Amino acid sequence: MKPAVTFSLLLVLVIALSLVNLVYGGVSIPFERLLDILAHPGDGVDSIILWDIRLPRAIATILGGAILSVSGLLLQVYFRNPVVGPFILGISSGATLMVSLVMLTTLFLKLPFHSPYITTAFGMVGSFLVVAVVVAVASRVKSGITLLIVGLMVGYMCHSVTSILMAFAEKQQIKGFVLWQLGSFNGFKWDEIGLLFMAGVPLMIMAYGLSKPLNALLLGEDYALSMGIDVRRTRMALLFVACALAGLITALAGPVAFIGLAVPHMARMIFATSDNRILIPGVILTGALVTSLCDLVARNLMSPVELPLSAITAFFGAPVVISLLMKRRVKL
Amino acid sequence: MTVERGDNILEISSLSIGYDNTAVVSGIDLHFKRGQLVCILGPNGAGKTTLLRVLSRHLKPISGKIALKGRELSSYTQLELARVMAVVLTERVAPPLFSVYQFVALGRYPYTDFLGRLKPDDDKAVQDALALVGADMLSQRDFQGLSDGERQKVLLARALCQGPEVLILDEPTAHLDLKHRLEVMGILRNLTRERGILVIASLHDVDVAAKVADVVVMVKDGEITEWGPPEEVLKAKKVESLYELENAVFSSKLGTLELPAKGQGPQVFVVGGNGEGAGVMRLLAKKGFKLSTGVLFKNDLDYFVARALGANILAQEPSGSISRDMLLRAEKLLSNCLFLVDALPVGIKAFKGNQRLVERARELGIEVVSKDMDLLNLEPLIKDASRVTFKKGRCAI
């Protein structure tokens with residue numbers, strides 16, 4: 001199948017699934033009314049559910065899935081390692097540490113600017129602190145493996161501080177924190193969507209701009225260098241884009257597991273290529289589709305209890321990846 | 001394509017290379033021309049790969065100058081360099097889901113637009129490169145499914161479609177079987193002849209280097225010990241000291257290494273000539289026999305092989321016939337031998353005198369084995385030889 005056909009097919013599926021996500025849920029909205037409410041927002045319950053809850057969530061799910069998948073793809077190619085995901089360099093741990101400071105301690109209760117966005121803000125600070133460390137290290141060391149180990153170690157350090165905080169925290173606080181750690185696209189505000197869009201889309205366009213050097217990097221840094229790539233600059237750009245994407249989504253939605261690891265594999269199988277010029281748009285669509293599907297299941301499987309998104313992504317996603325790999329018999 | 005010859009495309013002067021400012025090889029002065037096939041020889045760890053990595057700018061030199069096409073190597077931008085120089089590394093690459101064509105097309109990287117789209121020119125370059133290495137029929141195959149030999153050819157094609165004037169290869173024949181080893185070296189030689197590319201390859205096989213290289217560079221003990229045409233450089237002593245060979249002998253006439261007969265086994269006489277005895281002698285040397293041979297002319301292949309194998313040789317200057325004196329001396333040698341292999345060339349008058357040795361062996365009761373029989377039929381004799389008790393003149397089994 002031509003990539004263009006596959007792209008169109010995936011796009012149609014994403015839109016269809018999003019519509020299902022909008023109408024289907026604890027309170028079902030009849031499909032006929034959907035367009036009406038979208039066109040004329042009102043004060044009715046349906047309208048509030050749609051405009052304040054479901055629509056932001058559906059959009060956040062699409063963008064979040066796309067962002068996580070692009071980040072995962074970039075890092076898999078750079079490290080030439082198929083089990084790498086967006087959080088391999090400690091980004092989620094950094095965010096988790098900062099968020100745990102907010103949610104598990106009383107350190108910030110007295111701050112004058114306390115607001116509903118404080119978790120997001122601290123998550124972002126945590127992510128980008130780790131990104132800064134990773135990029136600073138990357139500019140000094142040559143080997144990707146060293147960088148990987150540095151990332152893992154930073155992750156462990158953040159994790160240890162978080163677990164100490166958990167030891168001192170109240171039960172009630174811990175439950176909220178654990179749920180945040182599982183990640184969710186629930187409760188997105190429109191200005192958060194705006195932020196996700198304004199930062200995420202340019203970063204994904206930058207990622208697409210890197211697809212040519214990414215293809216060369218499939219052969220490793222030595223070959224890439226011999227083909228005329230400024231490997232150092234490319235590496236910095238690539239790590240910046242990948243980490244910024246992962247940091248952005250972690251700050252807003254928590255560490256959503258598995259999507260960034262699995263979707264690149266799914267896209268490689270769907271498009272039967274390693275060509276990143278096709279894979280980057282490919283993972284954006286596949287990521288949006290898979291994440292929307294997982295969110296639909298998470299919301300409705302045990303309704304009214306909402307299941308953690310990370311549980312669904314991993315539980316249903318892992319067998320899919322395994323079977324795809326077995327079927328194709330591709331060595332990765 | 002016009003091939004300029006004569007100008008030095010690569011000039012290296014007082015270069016010192018190594019890691020973390022510790023020199024591995026220093027005082028390197030070399031210059032190469034277009035269209036030369038350069039082989040870098042030396043034992044493992046001598047710095048062959050380091051030298052190649054410095055030339056391909058994967059590693060900064062400690063000191064010294066490298067000029068590529070008359071311009072300082074470090075002054076090239078990465079993209080400019082990629083259009084002049086391509087590499088084939090030892091690193092194993094196997095990206096998944098790549099067709100051979102797509103893989104080779106990556107070599108067009110320095111010429112394509114920012115999305116790497118292929119224009120008709122690029123397509124032609126890819127087809128050319130595939131044809132040049134004889135891999136055109138592989139083009140739709142999956143890269144991961146290739147054999148070692150096929151993969152090496154495809155890696156070569158990728159480098160070629162970068163349109164290089166200098167091609168650097170690290171151990172291009174390692175892990176290859178004989179057929180592909182020869183194919184790859186053949187391709188490299190064609191590239192130098194037909195495209196005027198300077199090919200620099202590190203190699204393990206001194207045999208191969210002797211036969212295909214225009215220039216060999218010997219790296220050992222932190223310096224370039226010798227460099228120049230293999231005909232001048234690859235002398236027995238130099239090769240043996242380069243690799244610190246103790247059990248092998250390099251024959252510059254044959255351009256090959258031989259393992260001399262150091263065996264403690266019984267003496268065997270080979271009557272050969274005109275190259276007929278070489279194979280038998282190698283076999284016997286391998287099985288641990290001591291060799292005697294004669295009477296040979298000093299321009300015979302058998303003579304060079306026998307010398308490399310360390311045989312007792314009775315040889316004379318080339319002439320129309322074998323001298324009586326030599327024959328008598330041969331008969332003396334013969335009397336100490338367990339058996340005689342008759343590998344006399346048929347129908348060449350000059351060797352007729354040697355027929356006498358075969359007859360003499362029969363008179364002495366020494367077994368005569370015909371070379372016409374399958375060489376493996378020597379096995380019974382050879383097996384027995386290990387149980388032999390040795391008496392002068394004859395042997396008892």
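Analyst: Two strands count as paired if DSSP finds at least two bridges between them. Keep that rule handy, and remember that this is a predicted model.

User: Okay, what makes β3 and β9 of chain B a pair?

Analyst: Count the bridges: 4 of them join β3 (residues 37-41) to β9 (residues 215-220) in chain B. The rule asks for at least two, so β3(B) and β9(B) pass. The two strands run parallel, and Leu41(B) sits opposite Met218(B) in β9(B).

User: How do you know which strands are the edges of the sheet around β3(B), in the order β6-β7-β8-β3-β9-β10?

Analyst: This is an open sheet of 6 strands with mixed pairing. β6 and β10 (223-228) of chain B pair on one side only, and that makes them the edge strands. On average, neighbouring strands here are turned by 15° against each other, with direction ignored.

User: Which helices lie on those strands?

Analyst: Helix α1 (residues 48-55) of chain B packs on the sheet and touches β3, β7 (166-169), β8 (198-202) and β9 of chain B. The direction of α1(B) makes about 150° with that of β8(B). Then there is helix α5 (residues 148-160) of chain B, lying across β6 and β7 of chain B at about 165° to β6(B).

User: And where else does α1(B) lie?

Analyst: Across β1 (8-19), β2 and β4 of chain B, at about 120° to β1(B). Those three strands belong to an open sheet of 4 strands, ordered β2-β1-β4-β5 in chain B, with antiparallel pairing.

User: Why do β2 and β5 of chain B stand at the edges?

Analyst: Each of β2 (22-33) and β5 (71-72) of chain B has a single partner strand, so one side of each is left without a neighbour in the sheet.

User: What makes β4 and β5 of chain B a pair?

Analyst: They're joined by 2 bridges. The cut-off is at least two, so β4 (residues 63-68) and β5 of chain B count as paired. They run antiparallel, and Leu68(B) faces Arg71(B) across the pair.

User: Moving along the chain, why is strand β13 of chain B called mostly covered?

Analyst: A residue is buried if 20 or more other C-beta atoms lie within 10 Å of its own. By that test, 4 of the 5 residues of β13 (residues 267-271) in chain B are buried, so "mostly covered" fits. For the whole chain, buried residues make up 42% of the 397 residues in chain B.

User: Which strands does β13(B) pair with?

Analyst: Among them are β14 (residues 290-297) and β16 of chain B, each joined in the parallel sense over 4 bridges. Phe269(B) stands opposite Ser292(B) in β14(B), and Val271(B) stands opposite Asp342(B) in β16(B).

User: What makes the crossover from β13(B) to β14(B) right-handed?

Analyst: Look with the strands pointing away from you: a path running clockwise from the first strand over the helix to the second is right-handed. The chain goes from β13(B) through helix α10 (residues 278-286) of chain B to β14(B), and this β-α-β crossover is right-handed. β16 (residues 339-342) and β17 (residues 367-370) of chain B pair in the parallel sense over 4 bridges. There the bridge partner of Phe339(B) is Glu367(B). The link from β16(B) to β17(B) goes through helix α13 (residues 355-364) of chain B, and that β-α-β crossover is right-handed.

User: Why is chain B called more spread out than a compact globule?

Analyst: Set the two values side by side. The radius of gyration of chain B is 27 Å, while the globule rule gives 21 Å for 397 residues, so chain B is more spread out than a compact globule. The C-alpha trace of chain B spans about 85 × 45 × 40 Å along its principal axes.

User: What does chain B put into the contact with chain A?

Analyst: Chain B gives 25 residues and chain A gives 24 residues. The side of chain B that touches chain A divides into 17 nonpolar, 7 polar and 1 charged. Helix α2 of chain B gives the most to that side, with 4 residues.

User: One from chain A: is Phe177(A) buried or exposed?

Analyst: Phe177(A) has 21 other C-beta atoms within 10 Å. The cut-off is 20 or more, so Phe177(A) is buried. Phe177(A) is found in helix α7 (residues 171-182) of chain A, and touches Ser100(A), Met103(A) and Leu104(A), leaving aside residues up to four places away in sequence.

Methods
Residues are numbered from 1 along each chain as its sequence is written. Chains are lettered from A and ligands numbered from 1 in the order in which they are written. This is a predicted model: local features need pLDDT of at least 70, side-chain atom pairs count only at pLDDT 80 or more; totals for chains, interfaces and linings use all residues. Two residues are in contact if their C-beta atoms, placed from the backbone, lie within 7 Å. Ala, Val, Leu, Ile, Met, Phe, Trp, Tyr, Cys and Pro count as nonpolar, Asp, Glu, Lys and Arg as charged, and the others, Gly among them, as polar. Axes are lines fitted to C-alpha atoms, for helices over the stretch in contact, and angles run from 0 to 180 degrees between N-to-C directions. The radius of gyration is taken over C-alpha atoms; the globule rule is 2.2 Å times the number of residues to the power 0.38. A residue is buried if 20 or more other C-beta atoms lie within 10 Å of its own, exposed if 12 or fewer, and partly exposed in between; C-beta atoms are placed from the backbone.
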